[in-house]
Amino acid sequence: MIKKLFFLSILASISVTVYSQNLQSWGAYPSYSTINSISVNQDIVYSATLGGIFSVEGGEIMNRMTTLDGLYRSNPTAIIADKDRLIAGYIDGTIDVIYSETNEVERIEDIKRVSRFNSKSINAFEIYENRLYVATSFGIVVYNLQNLFVENSYLQLGAFDIGVQVNNFDIFSDTLYAATVQGVAYGSLNTNLVEKDNWTNFTEDDGLPANSIQEIQLFNENINVLVDGSIYFWDNSSWSLHPDFAANGIQSLQKSLNGEELGVATASAITIIDSDLNSETINFNLESTITDFRFEGERVFVGTTNEGLVILEDRDSEPQFYLPTGPYLNFFGRLMVDENTLIASSTSSFPSADAFAALRGYYIYKDGTWNNFNSNTDPALSNIAYVYSIGANDSSFYFGSWGDGIIRHNKSNNEVTVYDRSNSSLVGIDENQNYVVISGLDEDSQNNMWAISYWSDFPLYVQLNGTEEWIPFRGRAGADLYFNLFVDSFDQKWISLVNSDNVGQGLLIVETGDPSDPNDDSSVELTSSIANGNLPDDKINAIVQDKNGEVWIGTGRGIARFIFPELIVDGGPDERQAQWLINEDTTAASRFLLRDVNVSAMAVNDANQKWIGSVNQGIWVLNAEGSRIINRFTTENSNLISNNIEAISIDDETGEVFIATELGLISYYDIPKAPVNKMDKLKVFPNPFQYSKHNQIVVEGLSESTRIKVLGVDGIVVNELEARGGRISWDGFDYNGNRLGTGVYFLIAYEDSGRETGVGKVVIVK
């Protein structure tokens with residue numbers, strides 16, 4: 001099919017412009033604040049964190065590495081520097097060898113491939129006489145550092161069980177000392193340590209206070225061990241509590257890099273003794289806890305739980321803090337892009353107690369800058385833990401906590417207001433009405449903010465725009481509990497229901513009428529019953545509304561949509577029937593697309609495509625109708641850092657898709673983006689386009705719905721494209737799927753009305 005279009009004046013006025021866009025690539029937003037392990041090589045200090053690795057040299061942060069730079073995972077459990085390379089180990093036994101000159105990564109998977117033991121975590125490294133000793137969850141593995149081949153595996157350390165977990169070790173004078181969960185084991189490297197009889201053991205029977213040993217160091221010819229926060233030493237006759245260190249509260253035990261001093265770290269101080277037992281204590285003014293440390297001479301290097309790396313150039317100097325910019329923690333729950341600003345919570349569903357509870361606040365990311373808000377950074381949040389749900393209206397961001405009420409954050413001045421049982425009408429859970437769990441937040445068309453108070457007699461609240469009061473709405477009778485909240489464009493409240501065991505109970509849609517009057521409401525409840533909603537599953541995890549006004553729900557077993565949501569409350573059974581996604585591939589095993597996927601997150605881009613996040617299965621991108629998978633992302637085929645997806649939100653202005661996973665935040669730069677108000681000169685890139693180098697041509701600067709004609713210089717139309725949103729891609733082929741000849745091609749974009757409004761130009765090289 002060939003069409004011919006005549007045009008004259010536009011040809012002379014168009015010049016070729018090259019636009020460099022990093023589309024369909026990945027970005028990472030790691031937190032480097034929590035340090036797992038430190039290693040020092042001459043003047044370079046390396047820190048392994050929950051978000052990746054960074055180094056400090058000459059008082060500057062010199063290098064950062066994430067999974068996008070080749071790391072196997074975002075949170076190495078142990079690192080060690082060796083001349084011109086850094087070695088990192090991970091929870092599943094994988095080892096990365098990172099070469100300093102090039103940052104190239106060589107991956108070693110011998111330990112990961114071991115099938116005899118379930119747990120294969122790498123807990124510590126030691127380098128001795130050109131060998132790498134690896135402490136694992138099932139024993140000790142020895143590598144030859146020249147060729148990185150396995151030389152030995154020590155699986156039975158004396159009388160201990162085969163495959164005993166080794167937490168830490170030290171090597172001194174050809175003797176290997178191991179801290180295990182069953183006690184201390186040591187043996188001479190001049191013997192065959194594969195043989196269990198060449199090991200000596202210490203356990204509780206020999207005077208140890210417990211069998212599980214966290215760390216071990218040989219100093220002054222004595223074995224020193226860390227056991228349950230205390231240091232004990234063996235003086236060749238018995239185990240005794242070390243008199244030169246605190247009796248409890250010890251976090252870490254280390255020897256100086258030259259072996260001449262021994263040090264211990266408590267939560268915020270380090271005590272060091274020399275061979276004559278002279279003692280020195282260094283106190284740190286920290287807002288967090290010491291996790292690891294190293295020291296040599298006057299220099300001290302300290303890792304913390306949320307302040308990054310701390311360095312003392314000498315022991316009397318002021319500490320220097322080193323922390324690459326990023327979110328406060330590497331934990332994310334909900335995400336929302338509001339006017340080019342990303343807001344996020346740091347707690348996932350049903351949080352459990354952890355060391356970071358008081359620091360699980362919220363993040364605001366705008367113009368490349370992270371602002372972190374939690375009990376450490378803002379006095380107004382000193383009593384807030386576990387920020388969970390998020391929302392926004394024209395003036396404020398809202399954050400719901402798990403037990404401490406609602407935070408309102410003023411956009412213009414960052415003023416924080418906390419609403420709880422003491423100063424508002426908010427009522428908490430039945431067992432403790434002061435414990436206010438806000439599991440859902442969303443605004444309506446009038447900028448009123450609605451909130452869900454989980455497990456409360458008054459589970460639904462509204463704060464009218466510009467007011468301080470929270471108006472309560474009494475819940476329905478029954479055991480079902482309100483959980484997630486979504487407000488559609490018709491101001492209907494879509495509420496997922498669960499029971500006290502977090503088992504899904506279906507979906508409640510409420511029409512609240514006058515938001516200031518709790519007594520004029522009407523509602524309908526839908527379940528998986530064929531006669532009453534036909535939901536794919538009763539557990540509703542995600543709710544979105546697409547560009548056509550349809551409401552889509554993601555459940556514990558698949559996806560469905562409601563084509564006319566405005567009729568769902570006042571309509572009949574037909575309007576309340578969920579429409580499951582029909583797979584356009586008639587040869588597929590299931591008639592329904594993604595029928596058995598446990599959906600955890602959903603988002604809609606500006607081309608009306610649906611991003612679907614899942615529990616442990618990664619991401620799918622569906623076409624606008626939900627009938628076809630157009631993209632698939634997992635850790636196996638992309639830079640996605642985890643297949644367990646917590647949340648997805650899209651910045652329509654840029655096309656950046658933010659993805660919260662259990663291992664942190666990552667993003668993908670998608671093709672679709674927001675349309676322009678008026679088309680003019682189209683951006684077309686790469687320009688020139690070469691089939692041998694490129695696989696797509698991107699056209700940007702389009703209005704909401706357009707058709708694009710592609711013409712040669714002779715005016716013949718070689719292809720036509722349909723576009724929704726401000727940016728699309730084209731493979732550079734003609735109507736029949738053939739490559740075009742080398743030359744200049746013009747792209748003429750029309751709005752639905754047929755008026756010519758946008759013009760672009762691309763050079764194609766065959």
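In this predicted model, the side chains of R315 and E280 are joined by a polar contact of 3.2 Å. A second polar partner for R315 comes from the backbone: the oxygen of G297 sits 2.6 Å from a polar atom of the R315 side chain. R315 itself belongs to the loop that runs between β29 (309–312) and β30 (320–322). Despite being an arginine in a loop, R315 counts as buried, because its relative accessibility is 8%, under the 20% cut-off. Setting aside residues up to four places away in sequence, the residues touched by R315 are E261, I272, E280, I282, F295, G297, E298 and V300. So the list of contacts takes in both polar-contact partners, E280 and G297, and it also holds E261, I272 and I282.

Some of these neighbours lead straight to a sheet. Strands β23, β24, β25 and β26 form an open sheet of 4 strands, in that order and with antiparallel pairing. At its edges stand β23 (252–255) and β26 (279–283); each has a single partner strand, so one side of each is left without a neighbour in the sheet. On average, neighbouring strands here are turned by 20 degrees against each other, direction ignored. In the middle of the order, β24 (residues 261–265) and β25 (residues 269–274) run antiparallel and are joined by 5 bridges. Within that pair, V264 has T271 of β25 as its bridge partner. As for R315, its contacts E261 and I272 fall in β24 and β25 respectively, while E280 and I282 fall in the edge strand β26.

Further along the chain, V462 gives another buried position, this time in a strand. V462 is part of β41 (residues 460–463), and its relative accessible area is 0%, so V462 is buried. What does V462 pack against, once neighbours within four places in sequence are left aside? The contacts are N448, M449, W450, E469, W470, I471, F473 and P515. For one of them, N448, the separation from V462 is 14 residues in sequence and 6.7 Å in space, taken from C-alpha to C-alpha.

The backbone has a few oddities too, and two asparagines make a handy pair. N502 has a positive phi of about 65 degrees, although N502 is not a glycine. N608 does likewise, with a positive phi of about 70 degrees and again no glycine at the site. Both are loop residues: N502 is found between β44 (492–498) and β45 (504–511), and N608 lies between β51 (599–604) and β52 (610–614). Are these asparagines buried or exposed? N502 is partly exposed, because its relative accessible area is 23%, whereas N608 counts as buried, because its relative accessibility is 1%.

The other backbone feature concerns cis peptide bonds, and here the loop between β58 (683–685) and β59 (689–690) is the place to look. The bond from F685 to P686 is cis, with omega near -5 degrees. The bond from N687 to P688 is cis as well, with omega near 15 degrees. P686 is placed in the loop between β58 and β59, and P688 lies in the loop between those strands too.

Methods: Residues numbered from 1 in each chain as written. Predicted model: local features only at pLDDT ≥ 70, side-chain atom pairs only at ≥ 80, totals over all residues. Heavy atoms only, no water. Buried < 20%, exposed > 50% of the residue type's maximum accessible area, 1.4 Å probe, protein only. Polar contact = N/O pair within 3.5 Å; in protein donor to acceptor, adjacent residues only side chain to side chain. Contact = heavy atoms within 4.5 Å. Pairing = 2+ DSSP bridges. Axes fitted to C-alpha atoms, helices over the stretch in contact; angles between N-to-C directions.
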